[in-house]
Amino acid sequence: MQFSADLVASLGPLLQGLMSPDNQIRSKAEKTLDQEWRSPEKIGVFLAYLASTAAGGADDSVKAFSAVLFRRQAIRSPKEFNSISERTIGVLEEPVRHEIRTILLQGFVSDQSPQVRRKIADAVSEVAKEDASPKGTWPELVPAILQAAVNPNASFRESAFRILSTLPELIESLFVAEILPVFNNGFSDDDDEVRIAACTAFVAFFRELPKSIWQSLTPILPNLLNSLPRFLLNGQDEALANVLQSLIDLVELAPKMFKDMFPTIIDFCSTVAKNRDLASTTRLAALELLTTFSEVSPTMCKQTPSYTSTMVLITLSMLTEVSEDDDDAAEWNNDTNDEDYELEPEYDSARHSLDRVSLKLGGQYLAAPLFQYLPALIQLPNWRETFAALMALSSAAEGCADVLVTEIPKLLDMVMPTLEHPHPRVQYACCNVLGQISTDFADDIQRTAGDRIVPALVSKLTNKSVPRVQAHGAAALVNFCEAATKEVLEPYLDDLLNNLVGLLLSPKRYVQEQALTTIATIADAAEKKFIKYHNTLLPMLMDFLRTDLGPENQMLTAKCVECATLIASAVGRDNLGPHCQELINIMGRLQETADDDGPVKPYLELGWSRICRIIGKDFVPYLPIVLPPLLTAAKAAQDISLLEEDEAQDFANNEEWDIISLSGKLIAVHTASLDEKSSALDLLRIYATQLGGAFQPYVQEILQDIALPALDFYLHDGVRGSAALSLGALLKCTIAVSSWNSPDALAVWNLICLRLTEAVTQDPVPELIVAYYTTIVECTNLLAPGSLTKDQMHQLAVAIEDNLSGIYSRIKKREHDDDEYREEIDESEDEYTDEELLDEINKAITAIFTNAKATFIEEYNSSLAELVSTFISDDIADIKLCGLSIICDVMEHCGSALDQGNFLTYIISNCLTAPQASIRQASAYAIGMAAQNGENLYMKLCIEALMPLFKVATFPDARAEENINSTENCVLAIAKICQSFGSSIPNLDEVLKQWIILLPVLQDAEAASTTYAFLATLIDNKHPVLGGHEPKVVDAIIHAINEHAVTGSQAEHAARAARELLQLMPQDKAMAVLQPYANLEAVSRYFS
C-alpha cells in the first residue's frame, strides 16, 4: 500500500513521539493520536500505516512498537461506539481490512527478528478473528501458518503455533490429519520456545474440536509427554512449568485420554515435585497436575495404586519446607503478618493439594496411606517432620471424615502431646489440628471431646506461649465455639475469658485482634450465658474505643467495635442498661472520624446493623448518621478500565481489581467498590427488615436509584444477588405504612415484577436465578389476594416457561451425555443448582396460584400446560416431581375450574407406586387435593384411588424414615376422599377401619393437621366405626400431641375428642388405655 508523502510526514513524527521516553513529548503525541487519528475517517489509514511500518519499518524497535500499537488500536472500542465489546478493526470497511491483512501476512513471512515476528503474529491473530476476517475472506492465512510451522527458522515455527493457540478455530476439523504431524513435530522440536508454543496451541486446538474427533488426537499424546523429560534434562525449569500448565488444561478437558499414561505421569511429576533444586513454579505445576487428576477423574486415581501414596509423600515432603533458614522460627514468630504463606509456597500448595485430593477421594482411599506415615513422623526428633504430619492431618481431616470421625479419641491421643513440643511451629500446628477437627467433626467433638480440647487450647493463651501460638490457639477456639451451644460453653467461660482478656494486653497487635475476635465469637455462641461477663468486658472495650489508638491500630479499633456490638447482641437490650447508649455515642464519634478507605468503616457499618437489631424502632433517629455513607457505597457505579498489556500485571497484583478478557481486550474491574456495594445493599436490607414502615422514607431512593439498577451489574454476581434479596424488604416497608393492596405497594411490586421477570431469563448464573425467584415468592406472598395483574401473570408465566425449558434441556443433556473422556463427578454443582432452581420455581408457581387462583389459568394454559405434561411424564425424578408439584397447585387453587382428570388418571396409575418416595408423596398429595377441591369432578377417580393408596401406605417399609412422608400423605389423601365422598363409597365403614389402623401421623405437619381434624369429627359424630378401636385412636392422638404433630387449638380439639371417646368407655378400660402413657407430658396436660 502506498502512502502519500503528506501522510508519512504526519505519521512518522507521531510514531516517533509515541515512542519517546520523554513523558511530555509522549503525552502530546498520545493526545494527537486520540484527537486526530481515531476518528472513523482516519483510523483505517492509520492502522494500515502501522501494519506497513511493523512489516517494513526502519529498525526492529520501530517494527515491534508499530506492531504492538497496531494491536492495541485495532482492539480498542471504536470512538463513535459505546459498547466495549466492539473492536475498531471489526468496523473498518472490508477493502481496508483486506489491505491490512495483505500487509501483515507479507510482514509475517518476510525476514524478521524473532521479537518482531512474534509481535506481528499477535497482530495477525487479532485481524484473523471473525469480526475482522469472516470465514473465506483470508484464504492465504492457513497455508502460510502451516508452512511457517515447518520452516527451518525456529522463529517462524514458534510464531505459527502462537497464532494457532490464539485462533485454533482456523484449522477446521476437516484438516485434522494434516495438522497432527505439525503438532507432532512441534512436540519434539529442538527449540524450547517452539515446544512450549506447540503444546499451548494443541490444547487450544483440542478444546475447539468436537468430541467425536478427540480420539484421532490420542496417538500424539505420548509424544507430547515425551517432550517433558527433555526440558528437565536441559535445565529448562520455566519451559517445563509452562508445558505442565498446558497439560493441566488438557487434563481438565479429557482426563480419561491419559489413562494408559497415568502411572508414567505420576512418576514423572513425583520426580519433579520432590526435586528441591528445581524452580518453585515448576515443582508446583507438577503437583497441580496430579491434584487436578483427583478433581476431574477421582475414579482413575482410586484405581491407580501409586496415586495416593505418591500424593501423600509429595505433600508430606513439601510440608517440611518451612523456616528454611530459621530453624528456631524466630523470624516466623516476629512476623506481624499471621498469613505468611506466600513466603513458603511449597508448604502452602501442599496443604491445599492434600485438602483437595482428600475431598475427592475420601478417607477410604487416602486415610490408610496417610496414616502409614503420620504416627511415626509425629514422634521424630526433627520438628519439621512433626509439623508436616500435623499440618497434613489438618489438611486431610475434612475429606477423610468418613474414616476419621470414629477415631477422634485416638487422633487426640496422637496429637495432644505435641501441644507441649518445644518448637513453637509444632505447637502452632497442633492448635491448627484442634481447630480444624473442631470444625470438620463438630457434632462429635462437641459431644465427646470438649473437655479435652478447650482446656488444652486455653493453656496456649498464657505468656508461656509465643505470640503466634497464642493467636492461633485463640483462633482455634473460634472454630470450637462457632459450633458450640451455650450449654456446652458455659463450664469453660471463666477460664476462656480470663485468659483472652489477658491477651488484650499483649504487645503484639495481631494477638489483641485475634483475642477480640474470639471473645466476640464466644459472646455470639453463649448468648444470655454471657450476661455475667458483659459488665466487665464492655466498659473495657469502650475505654479502648474512647482512646485514640493511632492510624496503625485501626484494625484493633475495628475489632473492638465488632466485639462490643456482638456482646451487646448476645446479652440483649434489657441487660445492657446505660452501656447501650454509651456504646451508641462512641460509635457516633467514630463514624465522624473513620477513614473512608480504612478498616474501621466496614466494621462500624456491621456494628450499627447489630445495634438496630437490639433497639428496633428506636434506631430511627440514628439513620441520618448511618445511612449517608451506606447509600453512597450502594450507589457505586461499575468502575472498569481498558488496559494495555503492560498495565495488566500491576492490576492483577492489586487485590482490589479483577482482570477479565473481552473481545481480545483486557479490562480491569474495580471489584473492591462492588464488594462494598454488595455489602451496603445487604445492610440496607437489614434496616428495612428491622424498621419496617419507619424505613419507608428511604424506600423509593433505594429502589429506583440502587436496587433495581444493580440487577444489571453483570460484572459482579454479589451485587445482583444482594439487590434482588433487598427488594422484598423494600416492598414490606411500603406495605407497612399503607396496606397490602395500596396503590403505592402495587406500584413498587410492578417495578419489581418487571425487572425480575427480565432478570430470570437473562442472567447467566443459575444461583442468582434462584435468588430472583426467592424474591418473587417473597413479594407475591406479601400481596393481597387477587393483586396480580394480567400483564404481571403473563410476564411471570413466560419467564417460568423459559427457565423450565432451559432446565429440562440441561438435565436431559446430562442424562444422555455418555462422556468417554470425562468422569461423571458426584454432587455436580450444576445438578444441585438445577434441582434447587426447580424447587424455587415450584414455590413461585405456588405463590402465583395462591394469589391469582383461577385467573391464572389462561396464562398457565398458554405458557405452561404443555411443558407440565412433558415434565410429569418424564422418567427423571426431579423433572417428574416438578410437574407433579405444579399439578398439585392447579388442583389446590383452581379446583374444578380446570379439568385435570387425564393427569389424575396418570398419577394414580403411573406415579403413586413409583420407586421414589418423593414422587409417591406428591402423587398422594395431588389425589388429596383433587378430593378436597375438585367437587364431584374427580369423585370416581378418587374413590378408585383408595385401593392403591392403602397399598402404598401398607407395604413393608412404609414407615421407614425415607418413606414416612409419602405414607402419611397417603393417609391424608384417604381421609380427604372419605370426607368429601363418603356417601358414595360403597364400603365406607371398612375403609375407615383400615384407615384407623394406619394411624398415627406424626412427621408431616400439614398431613397431621387435616388427619386429626377428620378423626376428631368422626369422634364428635360418634361414628360407629370407632367401636373397638378406641385404644388405637387414643394412642394416635396422644402421640400426635406429645410429638407436636398437632399444636394449639388443633391439639385442644383432638384431645377433647379423645376425652369424649374415653368417657364412652367403662372407667377401668379407659384408665387401662391411658396407663401406658401416664408419664407423657401430653397426658398430664390434656387428660389429667
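Helix α11 covers residues 192–208, and its length checks out: at 1.5 Å a residue its 17 residues should span 24 Å, and the end C-alpha atoms sit 25 Å apart, which agrees. Keep in mind that this is a predicted model. Below are a few spots worth a look, from that helix to salt bridges, cysteines and some backbone oddities.

**Helix α11**
- Most of α11 is covered, with 13 of its 17 residues buried.
- The N-terminal end of α11 has a cap in aspartate 191, which places a side-chain oxygen 2.9 Å from the backbone nitrogen of glutamate 193.

**Salt bridges**
- The count for the structure comes to 43 salt bridges.
- Arginine 283 and glutamate 346 make one of them, at 3.9 Å from N to O. This pair ties together distant parts of the chain, 63 residues apart: arginine 283 belongs to helix α16 (residues 280–296) and glutamate 346 to helix α20 (residues 345–361).
- Both ends of that bridge are tucked away: arginine 283 is buried at 2% relative accessibility, and glutamate 346 is buried at 11%.
- Helices α16 and α20 are also linked by glutamate 295 and arginine 356, whose closest N and O atoms are 2.9 Å apart in a salt bridge. Those two residues are 61 apart in the chain.
- Here the side chains see some solvent: glutamate 295 is partly exposed, with a relative accessible area of 27%, and arginine 356 counts as partly exposed at 22%.
- Within helix α33, arginine 546 and aspartate 543 meet in a salt bridge of 2.6 Å, N to O. They are 3 residues apart, so about one helical turn separates them.
- Arginine 546 is partly exposed at 39% relative accessible area, and aspartate 543 is partly exposed at 44%.
- Elsewhere, Arg71, Arg87, Glu126 and Lys129 are joined into one network by salt bridges that share partners.

**Cysteines**
- There are 0 disulfides in the structure.
- Cysteine 888 is a case in point: the nearest cysteine sulfur belongs to cysteine 911 and is 10 Å away. Cysteine 888 is buried, at 5% relative accessibility.
- Cysteine 942 has its closest cysteine sulfur in cysteine 978, 11 Å off, which is too far for a bond. Cysteine 942 is buried as well, with a relative accessible area of 1%.

**Surface patch**
- Ile640, Ile660 and Leu715 make up a nonpolar patch on the surface, and together they have about 190 Å² of accessible area.
- Isoleucine 660 of this patch sits in strand β2 (residues 658–662) and is partly exposed, at 30% relative accessible area.

**Backbone oddities**
- Most residues other than glycine have a negative phi, and most peptide bonds are trans, so departures are worth flagging.
- Leucine 999 and proline 1000 are joined by a cis peptide bond, with omega about 10 degrees. Proline 1000 is in the loop between α54 (988–997) and α55 (1005–1020).
- Glutamate 527 has a positive phi, near 50 degrees. You'll find glutamate 527 in the loop between α32 (509–526) and α33 (531–546), where it is partly exposed at 37% relative accessibility.
- Lysine 1022 also has a positive phi near 50 degrees. The loop between α55 and α56 (1030–1042) holds lysine 1022, and at 55% relative accessibility lysine 1022 counts as exposed.

How values were computed: Residues are numbered from 1 along each chain as its sequence is written. This is a predicted model: local features need pLDDT of at least 70, side-chain atom pairs count only at pLDDT 80 or more; totals for chains, interfaces and linings use all residues. Side-chain values use heavy atoms; hydrogens and water are left out. Helices (H or I, at least four residues) and strands (E, at least two) are DSSP runs, numbered from the N terminus. The expected span of a helix is 1.5 Å times one less than its number of residues. Buried means under 20% relative accessible area, exposed over 50%, partly exposed in between (1.4 Å probe, protein chains only). A polar contact is a pair of N or O atoms within 3.5 Å; within protein, one must be able to donate a hydrogen and the other to accept it, and residues adjacent in sequence count only if both atoms are side-chain atoms. A disulfide is a pair of cysteine sulfur atoms within 2.5 Å. Patches are made of residues with over 30% relative accessible area and no salt bridge: like charges are joined within 9 Å, nonpolar side chains (Val, Leu, Ile, Met, Phe, Trp, Tyr) within 5 Å. Accessible areas come from the Shrake-Rupley method with a 1.4 Å probe; for residues, only the protein chains shown count as cover. A salt bridge is a side-chain nitrogen of Lys or Arg within 4 Å of a carboxyl oxygen of Asp or Glu.
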